[in-house]
Amino acid sequence: MRIWKPFAVFAAAAALVLPLAGGAGAQDYKEEYRVSTVVPPPFPWGIAAQRWADLVAERTDGRIVMKLYPGAQLVQGEQTREFTAMRRGIIDMAVGSTINWSPQIPEMNVFALPFLMPDYAALDALTQGPVGERIFELIEENGVVPLAWAENGFREVTNSQRPIRTPADMEGLKMRVVGSPIFNDIFTALGANPTQMSWADAQPALTTGAVDGQENPLTIYTVLKMHELGQTNVSLWHYVADPLIFAVNQEVWDSFTEEDQGIVRQAALDAGAHGIEVARNGLTGEDQSLVTEIEGYGVTVVRLTDEERQAFVEATRPVYEKWRETIGADLVTMAEESVANR
């Protein structure tokens, strides 16, 4: 991952010419830079994106104005088109999910390998280690500048029919999954009937009973009050995590002065750290207040034992091995070693 040196002005004359060396002058900046996200505040994802925009506006004295466009509205709700749109300049910036960008960069599916990451330490070992560096390299090779990590959280499974403790409990359940093929493979292997749809379509489908369940971080569950959508069974299985990436279109990035590039990057790092903190609040260590809140709604929360979780691991192992080759065996091995050495 490239480290950018702080911009320094050594003389009055240099101050006049250096901005031109880093790109166009500030007078050529857009009036507004469009930032794509899937969800707005108060979700941790939207909070991180808004913090980024706020910090950049503050630290550039308003030279760079970023506006959030949640709901993937810049790509008509098609979440998996977001990366391509940013690469082509339709979108200026994004805080995007590795899940949604994986159709363009298959290696990002490493984070969706079922049961690769058992805990937050494992997730950190991937994003902050050689796997994260490799993912950033691949993003750069595709004409987009990656800046920082955040996260949506571990994805848990919910449904309106029954508690899920074993793979057999998944049999026949109609499950909404995101539009990445590996999720279809995982739920098919567990005996469910997965249906890929955008999140905009998922909420009415849950309300009408067109689908029985879904999988998402608990922060999504609580903000949307999904118990009111019939999702009265929650199983904590930590089967995959959902890292987020702050990124900028290459041409937009090149248009910034070197000083402003440094500001935008550091703001993303700061916003990402805040987003991770918010995403994990009430879910780490002894603080399980978010789970307690969900139980307070009368929801059945299943905490899998190690043996119960292992049954899901074994049931999805063929999917894991199939996708090892799609992702790249070397990258998967690197990920496994990072997790083991966390």
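In the predicted model described here, the buried residues of helix α13 are R309, F312 and V313. When α13 is viewed down its axis, these buried residues fall within an arc of 105°, and they therefore line one face of the helix. On the other side of α13, by contrast, E307 and E314 are exposed. The buried residues of α13 are covered by elements that include strand β8 and helix α14, the latter spanning residues 317–327.

Both α13 (306–315) and β8 (233–249) also belong to the elements that give two or more residues to the lining of the largest pocket, the others being β4 (144–159) and α9 (218–223). The space within this pocket amounts to about 410 Å³. Its lining is made up of 24 residues, and those that lie nearest the centre of the pocket are P118, E156, L236, W237 and H238. Among the contributing elements, β4 provides the largest share of the lining, namely 4 residues. In terms of residue character, the lining of the largest pocket comprises 11 nonpolar, 8 polar and 5 charged residues.

Several features of the backbone were also identified in the loops of the model. The peptide bond that joins P41 and P42 is cis, with an omega of about 10°. P42 is located in the loop that runs between strand β1 (33–36) and helix α2 (44–59).

Positive phi values in residues other than glycine were found at D61 and at A72. For D61, which is not a glycine, phi is positive at about 55°, and this residue is placed in the loop between α2 and β2, the strand formed by residues 66–69. Because its relative accessibility is 69%, above the limit of 50%, D61 counts as exposed. For A72, likewise a residue other than glycine, the positive phi is near 50°. A72 is found in the loop between β2 and α3, a helix spanning residues 82–87. With a relative accessibility of 1%, which is under the 20% limit, A72 is therefore classed as buried. Taken together, the two loop residues with positive phi differ in their surroundings, in that D61 is exposed, whereas A72 is buried.

Conventions:
Residues are numbered from 1 along each chain as its sequence is written. This is a predicted model: local features need pLDDT of at least 70, side-chain atom pairs count only at pLDDT 80 or more; totals for chains, interfaces and linings use all residues. Side-chain values use heavy atoms; hydrogens and water are left out. On a 1 Å grid over the protein atoms alone, a cavity is a set of points where a 1.4 Å probe fits but cannot get out, and a pocket is an open set with protein on both sides within 12 Å along at least five of seven lines; lining residues have an atom within 4 Å of a point. Grid points are joined across faces, edges and corners, and a volume is the space filled by probe spheres set on the points. Ala, Val, Leu, Ile, Met, Phe, Trp, Tyr, Cys and Pro count as nonpolar, Asp, Glu, Lys and Arg as charged, and the others, Gly among them, as polar. Buried means under 20% relative accessible area, exposed over 50%, partly exposed in between (1.4 Å probe, protein chains only). The arc is that of the directions from the helix axis to the C-beta atoms. Contact means heavy atoms within 4.5 Å.
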